[in-house]
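Open the model in a viewer and keep the selection tool at hand. The stops below go from the whole chain to individual side-chain pairs.

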Amino acid sequence: ENARLMNENVPSIGKFDARLAFARDTLRVERFHGEVGGGNFELGGNIGLATLNNPSFDLRLKAAPDRE
């Protein structure tokens, strides 16, 4: 099933799959991918939570158009 934000202008997210894991004070994005707007996306990296009111982000986003 697809997910959609309240704003109809934002495309829905389909074939979404994610796996997140905690390691001490870090949230690891092990798997986070899906389809949106006719293409694929993948997110990976870490979110440091040592200071909750000032998290540190080390994230990578890859997006590619659908080639079908």
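Colour by secondary structure and read along the sequence: the pattern is β-β-β-β. The chain has four strands and zero helices. This is a predicted model, and every value on this tour is computed from it.

**Whole chain**

Switch to a surface view. The accessible surface of the chain comes to about 5600 Å², and carbon and sulfur atoms account for 51% of that area. Colour by relative accessibility next. Of the 68 residues in the chain, 18% are buried. For a contact map, take residue pairs at least 6 apart in sequence: 16% of those contacts join residues at least 24 apart.

**Strands S1 and S2: the aromatic rings**

Select residues 13-23 for strand S1 and residues 26-36 for strand S2. Show the side chains of Phe 16 and Phe 32. How are the rings of Phe 16 and Phe 32 arranged? Their centres are 5.0 Å apart and their planes meet at 85°; planes over 60 degrees apart count as edge-to-face, so this pair is edge-to-face. Phe 16 sits in strand S1 and Phe 32 in strand S2, so the pair ties together parts that are 16 residues apart in sequence.

Are these two rings buried or exposed? Neither label applies to Phe 16, which is partly exposed at 46% relative accessibility. Phe 32 is partly exposed too, with a relative accessible area of 24%; the limit for buried is under 20%.

Now add Phe 41 to the selection. Ring pairs link Phe 16, Phe 32 and Phe 41 into a cluster. The count of aromatic pairs comes to two.

**Salt bridges between S1 and S2**

Hide the rings and show the charged side chains. How many salt bridges does the structure hold? There are five, and three of them are visited here, beginning with Lys 15 and Glu 35.

Select Lys 15 and Glu 35. The closest N and O atoms of this salt bridge are 3.7 Å apart, against a cut-off of 4 Å. Lys 15 is in strand S1 and Glu 35 in strand S2, so the pair ties together parts that are 20 residues apart in sequence. Lys 15 counts as exposed, at 63% relative accessibility. Glu 35, at 31%, counts as partly exposed.

Move on to Asp 17 and Arg 31. Their side chains meet in a salt bridge with an N to O distance of 2.8 Å. This pair also links distant parts of the chain, with Asp 17 in strand S1 and Arg 31 in strand S2, 14 residues apart. Asp 17 is partly exposed at 30% relative accessibility, and Arg 31 is partly exposed at 33%.

**A salt-bridge network**

Select Arg 28 and Glu 30 for the last stop. A salt bridge joins their side chains, at 2.3 Å from N to O. Arg 28 has a relative accessible area of 32% and is partly exposed. Glu 30 is likewise partly exposed, with a relative accessible area of 37%.

Which residues belong to the network here? Add Arg 19 to the selection: salt bridges that share partners join Arg 19, Arg 28 and Glu 30 into one network.

Key
Residues numbered from 1 in each chain as written. Predicted model: local features only at pLDDT ≥ 70, side-chain atom pairs only at ≥ 80, totals over all residues. Heavy atoms only, no water. Helix = DSSP H or I, 4+ residues; strand = E, 2+ residues; numbered from the N terminus. Buried < 20%, exposed > 50% of the residue type's maximum accessible area, 1.4 Å probe, protein only. Contact = heavy atoms within 4.5 Å. Areas by Shrake-Rupley, 256 points an atom, 1.4 Å probe, with all protein chains shown as cover. Phe/Tyr/Trp six-rings, centres within 6.5 Å; stacked < 30°, edge-to-face > 60°.
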